[in-house]
Amino acid sequence: FSIGLVKLNMDGSPKLDMNGNTQLTYTNDEIESFSRAWTGFNLQSRRGNIEDFYANHIDPMKINADWRDRFPKTDTTGGYIGDKYPLCTDFPSKSFLRKGAKYRLLGSSNLPELMEDPPKFKNNEDIEKFVLDEASSLRSLLCNKSQAGICNFKNIVTLESNLDCSSMECDVDTVRVVKVDTGIFYEFVSPPCVTFPFYDNPVKISWYSGEFPMMCADPKLPVAGAGCCKPNMNVDLSTINSKYSGERMSFTTAQARCGAISENVCTKIDETTGQRIYSRRYFWNADSCNLQVKIRRDGSLTIVHKPNNSPQRVEHVSLGNQNFFKVQWEQGGNYPTVGNDCNGICEVLSEGACLCNTAVLEDAVFES
């Protein structure tokens, strides 16, 4: 850090606490928290116009989502990294057609660069691509036709006004990569936003088969696909109901998709029809999921997901995970510990921590 060791007043004098001691700008807790923000980076793929034969040390590194620390990170001011950014759940419907939406040119590749799709998606003719139709206002903007009727594709396109949806655009919550013309693709650049680790009415999500670990998700976010099951079936054989390969949608949209074909969102998924490589993402399950916290003696905690009827959980939210982070406790730091028998409301774990259920309460920060 290069911010100095002691907090200063505007006149340069040291800030003092109520006991007359200088206030530190950061501690090891902040160093540990900031270091977690630098996880998940990996080298970009090699390209032919550089002389480094073994690795790409020129282009900015990319983030591997599977290696990324997903938990809240405190800053040096008593808040969290990401404070003052909008909530992802607050974005309006069809934000990919709203003023300010940004698209970047991918060229002939249909693989996104700022998101992650299976490598086998690349230029695979069996992949269902999101193709913009001729009547699409978004296609017209991205094509940017000249007077001669030829598209002049720009590297970056930002919407200067809201656009009306056309055809399949009206049926989806969001897009990833859109096909504008033969061999020309654009990637939708999702705007920066934050997601809360705790939310109302968590819903279980799973992969294409019940043999894989499961977790919870916020039903308001487009983070999983629609896996539909016929009513009263003994085996939950899921049918993928997507407008394009790799589509994500909210839980409400998934329910509508399944209802449109007289099926229901699967309570659990034993198997999924179709080619598996095209369905390797999470799907909504019409089943509950409990958000819990594991609290250590020092007040730090980690998040535990408890999907209903699911013995296997995704590792980073499993009961055994050790991804503890610092939180700001109210009521003078009164929190459950094994020393007070977890306040009698939580489960005492043998590792010396409390396992507690959670509930979300929202209060206005200020009044107009």
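A residue counts as buried when its relative accessible area is under 20%. The legends below describe close-up views of a predicted model.

**View 1. Thr-302, a buried residue in strand 15**. Strand 15 spans residues 301-307, and Thr-302 lies within this strand. The relative accessible area of Thr-302 is 0%, so the residue is buried under the cut-off of 20%. The side chain of Thr-302 makes a polar contact of 2.5 Å with the side chain of Asn-321. The backbone oxygen of Asn-323 is also reached by the side chain of Thr-302, at 3.0 Å. Asn-321 and Asn-323 both appear among the residues that Thr-302 touches, when residues up to four places away in sequence are not counted. That list also includes Phe-71, Gln-292, Val-293 and Lys-294, together with Phe-324 and Phe-325.

**View 2. Glu-187, a buried residue in strand 7**. Glu-187 is placed in strand 7, which covers residues 184-189. With a relative accessible area of 0%, Glu-187 falls under the 20% cut-off and is therefore buried. The side chain of Glu-187 reaches two backbone nitrogens: that of Glu-113 at 3.0 Å and that of Leu-114 at 2.8 Å. Leaving out residues up to four places away in sequence, Glu-187 touches Pro-112, Glu-113, Leu-114 and Met-115, among others. Further residues touched by Glu-187 include Lys-102, Tyr-103, Arg-104 and Leu-106, as well as Arg-176 and Val-177.

**View 3. Thr-239 in strand 11**. Strand 11 comprises residues 237-240, and Thr-239 is one of them. Thr-239 has a relative accessibility of 31%, which lies between the limits of 20% and 50%, and so counts as partly exposed. Not counting residues up to four places away in sequence, Thr-239 touches Ala-226, Gly-227, Cys-228, Glu-263 and Thr-273. Tyr-208 is 31 residues from Thr-239 along the chain, and the C-alpha atoms of the two are separated by 9.7 Å.

**View 4. Pairing of strand 11 with strands 10 and 13**. Strand 10 (residues 227-229) runs antiparallel to strand 11, and 2 bridges join them. Gly-227 has Ile-240 of strand 11 as its bridge partner. Strand 13 (residues 271-272) runs parallel to strand 11, again with 2 bridges. Here Ser-238 is bridged to Thr-272 in strand 13.

**View 5. The largest cavity**. The structure holds 1 cavity of 30 Å³ or more. The volume of the largest cavity is about 110 Å³. Its lining includes Asn-110, Asp-117, Phe-121 and the run Ile-127, Glu-128, Lys-129 and Phe-130. Also in the lining of the largest cavity are Arg-176, Val-177, Phe-185, Tyr-244 and Ser-245. By class, 6 of the lining residues are nonpolar, 2 polar and 4 charged. Arg-176 and Val-177, which belong to this lining, are also touched by Glu-187 of View 2.

**View 6. The second largest pocket**. This pocket has a volume of about 290 Å³. It is lined by 17 residues, of which Asp-29, Asp-298, Ser-300, Phe-325 and Lys-326 are the closest to its centre. The lining of the second largest pocket divides into 6 nonpolar, 4 polar and 7 charged residues. Phe-325 of this lining is also among the residues touched by Thr-302 in View 1.

Key. Residues numbered from 1 in each chain as written. Predicted model: local features only at pLDDT ≥ 70, side-chain atom pairs only at ≥ 80, totals over all residues. Heavy atoms only, no water. 1 Å grid on protein atoms, 1.4 Å probe; cavity = no way out; pocket = protein on both sides within 12 Å on 5 of 7 lines; lining within 4 Å. Points joined across faces, edges and corners; volume = space filled by probe spheres on them. Nonpolar A, V, L, I, M, F, W, Y, C, P; charged D, E, K, R; others polar. Helix = DSSP H or I, 4+ residues; strand = E, 2+ residues; numbered from the N terminus. Buried < 20%, exposed > 50% of the residue type's maximum accessible area, 1.4 Å probe, protein only. Contact = heavy atoms within 4.5 Å. Polar contact = N/O pair within 3.5 Å; in protein donor to acceptor, adjacent residues only side chain to side chain. Pairing = 2+ DSSP bridges.
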